[in-house]
Amino acid sequence: MNEVKEKKKIGLTTKIFIALIAGAIVGIALNMFAADVDFVQNVLVNGIFYVVGQGFIRLMQMLVVPLVFCSLICGATAIGDSKTLGKVGVKIIGFYIFTTMMAVAVALGIGLLIKPGMGLDMSQIQTAEVAASSDSVSFAETLLNIIPKNPIGALANGEMLQVIVFALIVGVILAKLQDKTQLVTNFFQQGNDIMMEMTMMVMGLAPIGVFCLIAKTFAGLGFSAMVPMFKYMGAVLLALFIQCCGVYQILLALLTRLNPLRFLKKFAPVMGFAFSTATSNATIPMNIDTLEEKIGVNRRISSFTIPLGATINMDGTSIMQGVAVVFVAQAFGIQLTPADYLTVIATATLASIGTAGVPSVGLVTLAMVFDSVGLPVAGIGLIMGIDRILDMARTAVNITGDAVCTTIVAHQDGALNKSVFNKN
């Protein structure tokens, strides 16, 4: 019985990695041997692979708003005391902002060291348009836009920061009224259970979705198109590695005295799933369960901090944006001043707050970062082709940051069971 149970437990992760490798092999083979075959390109790559892959992404997007809404209400209610909730909230947001600023600084440093855009012949690169809002919004308006005028409208339109604010207010009130609103509390708890189960059902389709997504990516990309971008990719991946295995693990060791290597080993399956799907929101249930069962974090903390982090803590995305700024500036021959780099740190940090945890949304907010220092938005077209691969890597870093910050806050709040963490 135990053997069957263990096999079930590792089955999905193994299937996802197999699908990831198989998709890459099939995609590269199609790119090399069938790039000009109409049937392969129109029916297989842009037909079956596209529809199944995007269908899987849409299923995950379908879960985002109700999952985050119910999770945050239950998390805020579980913490109970509004004073404790406020303390945990301030701490976790503080950690999220700090790690994001560190991420952008690391990215800019690596970009300036490696110089990925030097020597790039812009005339050989095809640019592309990116849909982004050109309307400038003041900082005051940005703050006011966090408060929903119409909570139902915010839920319908997927305005995640507004959804978070409304969910937290509802959760605090339910915690305050307790027995008077037990029926409503039960409703949201059962709604959360439904969304968790629905998420696990969608995740069951992950191997098929991942195979199609990766196969289509590599079928269009191949090896030759990646050659001019290797330095850019290397810079982003190096910065992501430093953030994930350096910055996070140093913070974890200093503030909790936990073993960073043991943490990474226990958390690896969640990182693998995040890498495969390139969406932070899909990992929310798996992240919360892993933190509780393997790390020892009390669910009353993680059910609040993890959905919040999946929306406002995008360190991996900020790293991509930091390296992209250096890359495009060098490629276009634009000199950036130290003040410009400080502006990038501030803008990328703000841009990460409210960035939806779904694939490739970082490219849209990148337009805002470029605009802040006068870089041509058309430069985003340089990196669109390979963004899918980097998107997967930075999503793994995003959710690791959520988990590390949550573990630190849980430790400081006395909600971390180290005996669970120290079990093999």
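Which residue takes a positive phi just after helix 11? In this predicted model, the residue is Gly296, whose phi is about 95°. The helix that precedes Gly296 runs over residues 284-295, and its twelve residues should span 16 Å at 1.5 Å a residue, a value with which the 15 Å between its end C-alpha atoms agrees. The buried residues of helix 11 are Ile284, Pro285, Met286, Asn287, Ile288, Thr290, Leu291 and Ile295.

Considered as a whole, the protein has a secondary structure of 17 helices and zero strands. Of its 424 residues, 53% count as buried, and the accessible surface comes to about 19,300 Å², with 65% of that area belonging to carbon and sulfur atoms. Among the contacts between residues at least 6 apart in sequence, 84% join residues that are at least 24 apart.

Contacts between residues distant in sequence are illustrated by Phe95, a residue of helix 3 (residues 82-114). Phe95 counts as buried because its relative accessibility is 16%, which is under the 20% cut-off. When residues up to four places away in sequence are not counted, Phe95 touches Leu255, Cys405, Ile408, Val409 and Gln412. In the case of Val409, 314 residues separate the pair in sequence, whereas the C-alpha to C-alpha distance between Phe95 and Val409 is 8.7 Å.

A buried charged residue was examined next. Asp340, which is found in helix 14 (residues 338-352), is buried yet has no salt bridge, and the nearest side chain of opposite charge, that of Lys115, lies 16 Å away. With residues up to four places away in sequence again left out, Asp340 touches Gln335 and Val373.

At the surface, Val37, Phe39, Val43, Ile48, Val52, Leu205 and Ile208 make a nonpolar patch of about 590 Å². Helix 2 (residues 38-79) supplies the largest share of this patch, with four residues. Val52 belongs both to the patch and to helix 2. The relative accessible area of Val52 is 32%, and this residue is therefore classed as partly exposed, since that class lies between the cut-offs of 20% and 50%. Val52 also satisfies the accessibility condition for patch residues, because its 32% is over the required 30%.

Conventions:
Residues are numbered from 1 along each chain as its sequence is written. This is a predicted model: local features need pLDDT of at least 70, side-chain atom pairs count only at pLDDT 80 or more; totals for chains, interfaces and linings use all residues. Side-chain values use heavy atoms; hydrogens and water are left out. Helices (H or I, at least four residues) and strands (E, at least two) are DSSP runs, numbered from the N terminus. Buried means under 20% relative accessible area, exposed over 50%, partly exposed in between (1.4 Å probe, protein chains only). Contact means heavy atoms within 4.5 Å. Patches are made of residues with over 30% relative accessible area and no salt bridge: like charges are joined within 9 Å, nonpolar side chains (Val, Leu, Ile, Met, Phe, Trp, Tyr) within 5 Å. Accessible areas come from the Shrake-Rupley method with a 1.4 Å probe; for residues, only the protein chains shown count as cover. A salt bridge is a side-chain nitrogen of Lys or Arg within 4 Å of a carboxyl oxygen of Asp or Glu. Lys and Arg count as positive and Asp and Glu as negative; His and the chain ends are not counted. The expected span of a helix is 1.5 Å times one less than its number of residues.
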